[in-house]
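Thanks for coming. I will take a few minutes on one sheet and what lies across it.

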Amino acid sequence: MAEEKSKAKLLKEELLMDPKNGGIVLTDKEISKAFAYCDEYKNFLNNAKTEREAVTYAMTAAEKNGFKPFDKAKKYHKGDKVFYNNRGKSIILAVIGSKPLDEGVHIAASHIDSPRLDLKQRPLYEEAQIAEFKTHYYGGIKKYQWTAIPLALHGVIAKSDGTTITVNLGEDENDPQFCVTDLLPHLDKAQGKKTMSEAFTGEQLNVIIGSLPFRDDKESELVKLNIIKILNEKYGITESDFLSAELTMVPAFKAVDIGFDRSLIGSYGHDDRVCAYPALTSLFDLKVPEITSICVLADKEEIGSEGNTGLISAFLKYFIADLARPYGLMGRDVLSASKCLSADVTAAFDPTYPDVMEKRNAAYLNYGVAVSKYTGHGGKYDTSDASAEYTAWVRNLLDSNNIMWQYAELGKVDQGGGGTVAKYIAQLDVDTIDVGVPVLSMHAPFEIVAKLDVYAAYKAFFEFYKA
Ligand code: MN
Ligand code: MN
């Protein structure tokens with residue numbers, strides 16, 4: 001005989017929610033689908049470590065899926081698929097829906113830049129017969145994490161003759177790699193007394209790139225000379241070409257499964273490829289939607305969305321205006337009726353560091369995609385704070401499609417904070433909310449996400465485009 005539920009238990013089930021509002025509710029079949037999806041995601045991580053590489057990947061995949069370069073002189077119709085490549089560093093992809101554009105568009109916006117060590121414009125020097133590159137870190141990093149790990153060199157060198165050289169060195173198993181040194185524990189007494197921000201300074205993030213001097217010569221700085229000779233032979237550059245280069249050191253690790261159960265992925269750059277990849281691939285899997293669906297993969301989020309490839313720029317607004325013009329519509333007519341999921345990561349609850357989280361409003365691994373009504377810091381500064389009405393619309397979308405999701409706030413009040421691209425899209429008069437994947441060790445050279453959450457993000461973006 002089945003045990004009868006008490007009145008209190010029945011009432012609890014009816015009126016209260018699990019504070020985490022989720023948990024593993026997936027079947028074995030769904031779990032294996034999620035794992036298979038993440039194998040493709042790992043491939044993306046390994047092939048798109050910079051925003052430029054992510055744009056190249058997205059463009060190539062888009063063309064395979066029938067997308068054509070956007071032509072602003074053209075009038076597009078339902079089912080048309082286009083992409084707009086902004087300077088090779090950000091990209092907008094769109095699938096035109098069956099409803100008119102003044103009913104709005106559905107935008108999933110994520111970013112494809114990640115924290116890293118950019119080379120300075122005059123990076124090359126020699127000291128004590130070691131050749132090194134000076135760097136200027138990009139984005140919020142904990143500097144000590146970038147010492148004593150293998151690094152790879154990625155980027156471009158634009159020469160004054162108009163040609164551009166693409167650099168990708170340290171990823172192939174036969175490639176050399178690079179490294180920032182750290183002090184040995186035997187001699188770190190003074191370093192150990194400093195605070196973390198004093199113990200590792202930006203100007204100490206120098207990267208070792210060689211040590212053999214150029215032979216048979218009496219000149220000085222022969223190690224530096226030997227390095228530039230190698231670079232000249234390999235890339236055809238001289239020292240002054242660094243002035244117009246965008247070269248960056250990123251972790252040389254590959255994405256790998258973490259845990260005996262292989263439930264997690266460790267990798268560089270989950271923030272924000274872990275949202276960019278689901279936002280992109282779910283767009284590819286879309287048939288003709290009712291509302292025009294747009295995926296934005298933006299640059300420069302990690303430094304405040306600045307510049308003409310970040311979402312502070314008008315490029316998204318211009319794209320929408322160009323799409324609308326042939327229909328006699330203004331871009332603003334479209335934007336004011338639009339909805340956006342700002343697809344960015346949030347912090348996952350880490351049992352080793354519970355004190356920074358407010359456990360009732362934190363995101364947990366394997367509880368699905370995380371919805372944050374607001375981000376920001378110190379009394380909700382610097383956040384767009386989605387409306388209750390739009391939050392309700394998103395809740396209903398996720399629940400009615402059986403998508404595993406949870407509510408999330410990034411850390412305790414006044415503990416710190418952070419922002420996303422949400423506020424820059426909300427500024428265009430678009431209803432916007434943050435929806436993304438929880439991450440452990442965010443901004444570290446090796447971040448961790450749960451496979452089930454990645455797949456939940458894919459499903460969430462897919463249903464959002466379709467809605
Ligand atoms: Mn991010
Ligand atoms: Mn970030």
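**The sheet**

What you see is an open sheet of nine strands with mixed pairing, in the order β1-β2-β3-β14-β4-β15-β21-β17-β19. The edge positions go to β1, residues 68–69, and β19, residues 405–407; each has a single partner strand, so one side of each is left without a neighbour in the sheet. Keep in mind that this is a predicted model.

Now some of the pairings. β4, residues 105–111, runs parallel to β14, residues 292–298, and seven bridges join them. One point to locate that register: Val105 has Thr292 in β14 as its bridge partner.

Next, β21. Which way does β15 run relative to β21, parallel or antiparallel? The two are parallel, joined by four bridges, and Leu341 is the residue opposite Ile433 in β21. With β17, the sense is antiparallel, over three bridges. There, Val371 is matched with Val435 of β21. As a reminder, strands in a sheet pair through backbone hydrogen bonds, in either sense.

Why do I call β21 largely enclosed by the rest of the structure? Five of its six residues are buried, taking buried as under 20% relative accessible area, so the description follows from that count.

Last, the helix. α10, residues 388–400, lies across β4, β15, β17, β19 and β21. Its direction is at about 45° to β21, which spans residues 431–436. For those following on the screen, β15 is 339–342 and β17 is 369–372. Among the strands under this helix, then, is β19, which stands at an edge of the sheet.

That is all I have; questions are welcome.

Methods. Residues numbered from 1 in each chain as written. Chains lettered and ligands numbered in written order. Predicted model: local features only at pLDDT ≥ 70, side-chain atom pairs only at ≥ 80, totals over all residues. Heavy atoms only, no water. Pairing = 2+ DSSP bridges. Contact = heavy atoms within 4.5 Å. Axes fitted to C-alpha atoms, helices over the stretch in contact; angles between N-to-C directions. Buried < 20%, exposed > 50% of the residue type's maximum accessible area, 1.4 Å probe, protein only.
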